[in-house]
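Dear colleague,

Please find below the structure that I am handing over to you. A summary of the findings follows it.

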Amino acid sequence: MQHKSREGFNSRLGALLAIAGSAIGLGNLWKFPYMVGDNGGSIFILFYLIFVVLICLPVMLSELVFGRNTQRNIFGAFRKLAPNTSWRFVGVISIVAAFVILSFYSVVAGWTLEYIFQSVRNAFAGQTAEQIGQFFADFSSSTFRPLLWHIIFMALTACIVLFGVRRGIERCSKLLMPLLFLLIVMLAVRTATLPGAAEGIQFLFRPDWSKFSTQTLVGALGQAFFSLSLGMGVMATYASYIPKKEPLVKTAVQSSIADTTFALIAAVAIVPAVFAFGLAPTQGPGLAFVALPTVFQQMPGGTIFAVIFFVIFLLAALTSSISILEVQVAYWVEEFHVGRRKATLLTTLVTAAVGVFCSLSFGVLSDFKILGKTFFELMDFLATNVLLPVGSLLFVMFVGWRMSKATMHRELSMGAGRKMRAVSLVIFFVVRYVAPIAIVLVLLSGFFKL
Ligand code: TRP
């Protein structure tokens, strides 16, 4: 079914910033630095970079081609390219994954609102690392405040998506992304020049092979997929709004560079600061919410930088969550002809409701475990270790084995000013042979950790 007036991005810059906005998120600020810390620093970074270039970039390009070629939501896109086959259920996996990710993503994003509030009040002044750790434990396990922030965050996300692709997503990305880069650079310059930070910089950039393990490999690959928003129809959905005259290769390369650069700057802003104050970078998820506030309250001018840090967090999360919500909204609007407003409200409500359980699983529901995991951990595991890899695997197999080389070649060449035959051959090679094997390894490793 063809839609009369499908909205699209207004400019290439707008599309680029929206894609980069989706990619840059909690993954870069929260997960990347602690995974770097947990996995031996530079070695992890090295493999991360290799995977971004060799595997993720081709996969991202195939998602962009797939989306722009069909100009549909992820489910409709499969229906168009492989009519009357079960392939469309791959689209369903993506939509379910989007839903699951957003439910816990918005909980962590909500925490940042509390931390902005507390930083503005200068509430951490004079507190020790233990006290701040206790605050985090108390806050995240309480019932009402995290829920309140979670709901406010979901409402913010919904407000932007309600305005549509051009007036909501594109405008907001154009406004927020430059601001985000400016702020993270300011922060990195400040923290990386703290006395004692040099040791942390070394930890980040001097390879230490003794830390190498297979966990480093699969961890880096999984993180690269997550950080570039792959395997969940986000890139395909955004690409479906890109006009045919725009060059996709350029957009993919630039947004991958933006995302990777941002992750590296975030690591430079966070890890050396942690070293400078004698804290360990290996404390996992608490790094951003415990170690960093401790660092800030000890450093001169720390209050303002704490506010900046958590505002960065919030903006980065917001430009990602709108992309995740859009995957679902586009589906309802196009496949069921629900109005945009109704679709946004509905998906927001249902996602927020599941998020409530994620939030409570840090407190009153902490003893309620499925497969040994709390509800939050289960959602995270289901999305990151099951749905994303399975969705990505089926997706790359579809592109590799069912999509025609001519389509790929044509889409990549549009607006590029030259033929992209070599690029499309490389992409086919990667999505046919390399990416499926790599994804299966990530999938298996997720289960062995279970
Ligand atoms: N890439 C985002 C981050 O780094 C998260 C995200 C947004 C995502 N959309 C996604 C992850 C799609 C996987 C799939 O925080």
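A residue is called buried here when its relative accessible area is under 20%. The model is a predicted one, and the values in this message are computed from it.

By that criterion helix α2 is mostly covered, with 12 of its 13 residues buried. Among them are W30, K31, F32, P33 and Y34. The helix comprises residues 26-38, and at 1.5 Å a residue it should span 18 Å; the C-alpha atoms at its ends are 17 Å apart, which agrees. A kink of about 35° is nevertheless found at F32, shortly before the proline P33. Just after α2, G40 adopts a positive phi of about 85°. One residue of this helix also takes part in a contact with a ring: K31 lies over the face of F226, 4.3 Å from the ring centre. A second contact of this kind places R432 over the face of W401, at 4.3 Å from the ring centre.

Turning to aromatic contacts, the structure holds 45 aromatic pairs. One of them is formed by F78 and F395 in an edge-to-face arrangement, with 6.3 Å from centre to centre and 85° between the planes. This pair links distant parts of the chain, since F78 belongs to helix α4 (residues 74-81) and F395 to helix α16 (residues 375-402), 317 residues apart. Both F78 and F395 are buried.

The search of the whole structure also found eight salt bridges. Three of these may be of interest to you.

- E335 pairs with R79, the closest N and O atoms being 3.1 Å apart. E335 lies in helix α14 (residues 302-336) and R79 in helix α4, so the bridge ties together parts that are 256 residues apart in sequence. E335 is buried at 16% relative accessible area, whereas R79, at 34%, counts as partly exposed.

- E411 and K244 meet through their side chains at 2.7 Å, N to O. E411 is in helix α17 (residues 405-413) and K244 is in the loop between α11 and α12, 167 residues apart. E411 is buried, with a relative accessible area of 0%, while K244 is partly exposed at 34%.

- E326 forms a salt bridge with R340, with 2.4 Å between the closest N and O atoms. E326 lies in helix α14 and R340 in helix α15 (residues 340-360), so parts 14 residues apart in sequence are tied together. E326 is buried, at 0% relative accessible area, and R340 is partly exposed, at 22%.

Finally, salt bridges with shared partners join R68, K244 and E411 into one network.

With kind regards

Technical notes
Residues numbered from 1 in each chain as written. Predicted model: local features only at pLDDT ≥ 70, side-chain atom pairs only at ≥ 80, totals over all residues. Heavy atoms only, no water. Helix = DSSP H or I, 4+ residues; strand = E, 2+ residues; numbered from the N terminus. Expected span 1.5 Å × (residues − 1). Bend = angle between axes of the 7 residues up to and from the residue. Buried < 20%, exposed > 50% of the residue type's maximum accessible area, 1.4 Å probe, protein only. Phe/Tyr/Trp six-rings, centres within 6.5 Å; stacked < 30°, edge-to-face > 60°. Lys NZ or Arg CZ within 6 Å of the ring centre and 35° of its normal. Salt bridge = Lys/Arg side-chain N within 4 Å of Asp/Glu carboxyl O.
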